Amino acid sequence: MVEIREPGTAGSLIDADLIEPFYTGVEAVWTDETLDWVVYASHHWTVEVSGTLVPRLKALWPDLDDWRWVAPDWY
């Protein structure tokens, strides 16, 4: 797994079994060598999930839509 955090720190390779993800208030991106998924934590205190993690997240989080924000067409 790869972790990239702001400000200007070098990326890190992380053993996925050892990861304890947490948000520190700065932007961060996580993915793996496949790039089939990306998690992005914004400095706006939002988290975006994409790719192959989306179906898994939907299956594990029944009320996901209550927490989901979708950009309006004009955005």
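**View 1. Strands β4 and β5 pair in the antiparallel sense.** Strand β4 covers residues 37-41 and strand β5 covers residues 47-51, with five bridges between them. Two strands are said to pair if DSSP finds at least two bridges between them. Helices (H or I, at least four residues) and strands (E, at least two) are DSSP runs, numbered from the N terminus. Look for Tyr 40, whose bridge partner in β5 is Glu 48, and for Val 38, which has Ser 50 as its bridge partner in β5. Five residues lie between the two strands of this hairpin, and one of them to look at is Trp 45, with a positive phi near 65°.

A word on the model: this is a predicted structure, in which local features need pLDDT of at least 70 and side-chain atom pairs count only at pLDDT 80 or more, while totals for chains, interfaces and linings use all residues. Residues are numbered from 1 along each chain as its sequence is written, and side-chain values use heavy atoms, leaving out hydrogens and water.

**View 2. The whole protein holds five strands and two helices.** Following the sequence, you meet the pattern β-β-β-β-β-α-α. The protein has 75 residues, and 16% of them count as buried. Here, buried means under 20% relative accessible area, exposed means over 50%, and partly exposed is in between (1.4 Å probe, protein chains only). The accessible surface is about 6,100 Å², with 61% of it belonging to carbon and sulfur atoms; such areas come from the Shrake-Rupley method with a 1.4 Å probe, and for residues only the protein chains shown count as cover.

**View 3. Strand β3 pairs with β4 and with β1.** Strand β3 (residues 28-31) runs antiparallel to β4, joined by three bridges. Four bridges link β3 to β1, again in the antiparallel sense. Val 29 is a good residue to find here: its bridge partner in β4 is Tyr 40, and Ile 4 stands opposite Val 29 in β3. In the hairpin of β3 and β4, with five residues between the strands, Leu 35 takes a positive phi near 60°.

**View 4. Side chains alternate along β4 and β1.** Which side chains of β4 are buried? Trp 37, Val 39 and Ala 41 are, and they point to one face, whereas Val 38 and Tyr 40 point to the other and are not buried. In strand β1 (residues 2-5), the buried side chains are Glu 3 and Arg 5 on one face, while Val 2 and Ile 4 point to the other face and are not buried.

**View 5. One aromatic pair is found in the structure.** Trp 61 and Trp 67 form this pair, which is tilted, at 6.4 Å centre to centre and 40° between the planes. Rings of Phe, Tyr and Trp (its six-membered ring) pair if their centres lie within 6.5 Å; planes under 30 degrees apart count as stacked, over 60 as edge-to-face and the rest as tilted. Trp 61 counts as partly exposed because its relative accessibility is 33%, and Trp 67 counts as exposed because its value is 64%.
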